[in-house]
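Keep the viewer open and follow the stops below. Each one says what to select and what to look for there.

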Amino acid sequence: MKRTDRVGAIIRILSQHPNKVYSLSYFCDLFGAAKSSVSEDVAAARDLLERMELGRIETIAGAKGGIRFISKISRKDADMLLKELKERLSEGNRILGGGFFYTSDLMFDSNLVQGAAQIFADYFLDKGADCVATIETKGIPVALMTSHMLNLPLVVVRRESKVSEGSTVSINYISGSSDRIQKMSLSKRAVTPGSKAIIIDDFMRAGGSVRGVQDILAEFDVETVGIGVLIASKKPEKKKVENVFPLIYMGEVDEETKTFDLAINSDVFR
């Protein structure tokens with residue numbers, strides 16, 4: 001294979017499996033090339049990715065070391081993504097009765113979800129998490145994509161226990177949107193006791209659901225090391241959880257005029 005072919009293949013393989021460590025021997029065997037040649041190929045791939053602001057290739061030292069790709073969204077692309085998200089959220093026909101907000105089309109838009117997941121993955125990269133957790137259902141796409149970017153398993157907390165989940169742990173929590181007592185459950189096989197988790201969700205008003213996920217993870221001695229949501233309501237100001245990283249802030253909704261304020265979280269660009 002020509003060097004350009006090998007460099008292209010390296011970028012393709014690494015970018016399809018972010019955060020997964022590959023040994024140089026893997027590529028030597030794949031290409032039938034010497035380690036010195038593969039090392040030069042990796043250097044060329046690293047330089048290209050950094051110049052194009054598409055991510056970076058890191059070298060992991062040690063017997064089990066190798067190289068891995070860290071996905072990163074450029075500031076320009078992140079800005080474009082959040083402006084598009086804000087613009088689409090601003091459509092007045094999204095306001096439903098009871099002050100609810102229609103976002104299903106956005107939460108299942110693969111391009112928006114992938115970009116948001118890249119932002120979350122970059123922000124939470126150094127938290128030392130062992131898994132990504134969310135509660136069904138609309139938060140699943142962005143949580144799944146974030147877990148893929150971080151090469152971590154996804155844990156889905158159910159609102160109702162399923163027979164297919166096996167033995168479960170259930171708790172009651174107070175919904176932040178309706179102040180009603182609701183129930184959520186998690187399979188005992190879903191997480192490893194003593195591990196760390198990042199919680200990712202689509203929308204947060206008062207934080208009741210997120211707090212519930214945090215509490216049920218604590219039942220397994222799982223520490224929450226980060227919380228990310230696509231959209232966070234500014235009201236109420238006092239949330240049931242702290243240190244939340246939202247992408248978009250939403251002001252109070254006026255059902256009569258169907259107006260509301262949206263603001264991009266400036267911390268995204270720090």
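## The whole chain

Among contacts in the protein chain between residues at least 6 apart in sequence, 60% join residues at least 24 apart. Bear in mind that this is a predicted model. Show the full chain as a cartoon: it has 8 helices and 10 strands. Along the principal axes, the C-alpha atoms fill a box of roughly 65 × 45 × 30 Å. Now colour by burial. Of the 270 residues, 44% are buried. Switch on the surface: the accessible area comes to about 14,200 Å², and carbon and sulfur atoms account for 47% of that.

## The open sheet

In which order do the strands of the open sheet lie? Select the 6 strands and read across: β4-β3-β7-β8-β9-β10, with mixed pairing. The edges are β4 (154-157) and β10 (262-264), each of which pairs on one side only. From one strand to the next, the twist averages 25 degrees.

Next, select β7 (residues 196-204) and β8 (residues 223-233). These two strands run parallel, and 8 bridges join them. For one example, pick Ile198: its bridge partner in β8 is Gly226.

## The helix on the sheet

Add α6 to the view. This helix packs on the sheet and touches β7, β8 and β9 (244-250). The direction of α6 makes about 145 degrees with that of β9.

Zoom in on α6 alone, residues 110-123. Its 14 residues reach 20 Å from the first C-alpha to the last, close to the 20 Å expected at 1.5 Å a residue. Step back to Asp109, which caps the N-terminal end of α6. Here a side-chain oxygen of Asp109 lies 3.0 Å from the backbone nitrogen of Asn111. Then colour the buried positions of α6: Leu112, Val113, Gly115, Ala116, Ala117, Gln118, Ile119, Phe120 and Ala121.

## Thr134 in β3

Return to the sheet and select β3 (residues 131-135), where Thr134 has its place. Is Thr134 buried or exposed? Thr134 counts as buried because its relative accessibility is 0%, and the cut-off for buried is under 20%. Show its side chain: it reaches the backbone oxygen of Ile200 at 2.7 Å.

Now display what surrounds Thr134, leaving aside neighbours within four places in sequence. Its contacts include Leu154, Val155, Val156 and Val157. Those residues fall within the range of edge strand β4 (154-157). Ile200 and Asp201 are also among the contacts of Thr134, as are Gly139, Ile140 and Ala143.

## The β1-β2 hairpin

Move to β1 (residues 55-60) and β2 (residues 66-71). The two strands run antiparallel, joined by 6 bridges. Select Thr59: it stands opposite Ile67 in β2. Then look at the 5 residues between the strands of this hairpin. Which phi does Gly62 take? Its phi is positive, near 105 degrees.

## Asp41 in α3

For the last stop, select helix α3 (residues 35-51) and find Asp41 in it. How does Asp41 stand, buried or exposed? With a relative accessible area of 0%, Asp41 is buried. Display the contacts of Asp41, again leaving aside neighbours within four places in sequence: they are Arg3, Arg6, Val7 and Ile10.

How values were computed. Residues numbered from 1 in each chain as written. Predicted model: local features only at pLDDT ≥ 70, side-chain atom pairs only at ≥ 80, totals over all residues. Heavy atoms only, no water. Helix = DSSP H or I, 4+ residues; strand = E, 2+ residues; numbered from the N terminus. Expected span 1.5 Å × (residues − 1). Buried < 20%, exposed > 50% of the residue type's maximum accessible area, 1.4 Å probe, protein only. Polar contact = N/O pair within 3.5 Å; in protein donor to acceptor, adjacent residues only side chain to side chain. Pairing = 2+ DSSP bridges. Axes fitted to C-alpha atoms, helices over the stretch in contact; angles between N-to-C directions. Contact = heavy atoms within 4.5 Å. Areas by Shrake-Rupley, 256 points an atom, 1.4 Å probe, with all protein chains shown as cover.
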